[in-house]
Amino acid sequence: MRQYSDLEGDFTAWTAVPEPCSKIVVVSGLPCGHPVEVREWDSHDGAYTDYQFRCVGGGHRWWVDGSDS
Ligand SMILES: [Zn+2]
């Protein structure tokens, strides 16, 4: 659970991820399969680095915590 708002840090540019989106689509029950991009978010106080993923075409978005939190 992130305690920070997006505005309390800075994002890098989006970059492509090799693996396609693995979120299960409710309608079909199958993995989404759309291309995924990731960007890094660093808190202004330097305490946290998190990663935001987005699925281009499927509309999925999720966060992964960095190892420093
Ligand atoms: Zn997706």
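## A walk through the strands and one lysine

Start by selecting Lys23, which is partly exposed because 18 other C-beta atoms lie within 10 Å; a residue needs 20 or more to be buried. You are looking at a predicted model, by the way. Lys23 sits in the loop between β2 and β3.

Keep Lys23 highlighted and show what surrounds it. Leaving aside residues up to four places away in sequence, Lys23 touches Pro31, Cys32, Cys55, Gly58 and His60. Now pick His60 from that list: although Lys23 and His60 are 37 residues apart along the chain, their C-alpha atoms are separated by 7.7 Å.

Next, click on Leu30. You're still in the loop between β2 and β3. Is Leu30 buried or exposed? Leu30 counts as exposed, because it has 8 C-beta neighbours inside 10 Å, and the limit for exposed is 12 or fewer. Try a distance from here to Glu19: the two residues are 11 apart along the chain, and 15 Å separates their C-alpha atoms.

Time to zoom out and switch to a cartoon view. How many helices and strands does the protein chain have? The count is 0 helices and 5 strands, so following the sequence from start to end gives you β-β-β-β-β. The C-alpha trace spans about 45 × 25 × 20 Å along its principal axes. Of the chain's 69 residues, 6% count as buried. As for contacts between residues at least 6 apart in sequence, 31% of them join residues at least 24 apart.

Now select β3 (residues 36–43) together with β4. These two strands run antiparallel, joined by 7 bridges. To see one pairing, pick Val36, whose bridge partner in β4 is Cys55. That is a cysteine you have met already, as Cys55 is among the residues Lys23 touches. Then go to the turn: β3 and β4 make a hairpin with 5 residues between them, and Gly46 in that turn has a positive phi of about 80°.

Carry on to the next pair, β4 (residues 49–55) and β5. Here the strands are antiparallel too, with 5 bridges between them. Which residue stands opposite Arg54 in β5? Arg54 has Arg61 across from it. Select Asp50 as well, and you'll find Asp65 of β5 opposite. The hairpin of β4 and β5 has 5 residues between the strands, and Gly57 takes a positive phi near 115°.

Stay on β5 (residues 61–65) for a moment. This strand is hardly covered: of its 5 residues, the count of buried ones is 0.

For the last stop, colour the model by confidence. Mean pLDDT for the protein chain is 93, with 94% of residues reaching 70 or more. Which strand has the lowest confidence, and which the highest? The lowest is β5, at a mean of 94, and the highest is β2 (residues 15–17), at 98. One thing to keep in mind as you look around: where pLDDT is low, the predicted coordinates should not be read in detail.

Terms used:
Residues numbered from 1 in each chain as written. Predicted model: local features only at pLDDT ≥ 70, side-chain atom pairs only at ≥ 80, totals over all residues. Helix = DSSP H or I, 4+ residues; strand = E, 2+ residues; numbered from the N terminus. Pairing = 2+ DSSP bridges. pLDDT = per-residue confidence, 0-100. Contact = placed C-beta atoms within 7 Å.
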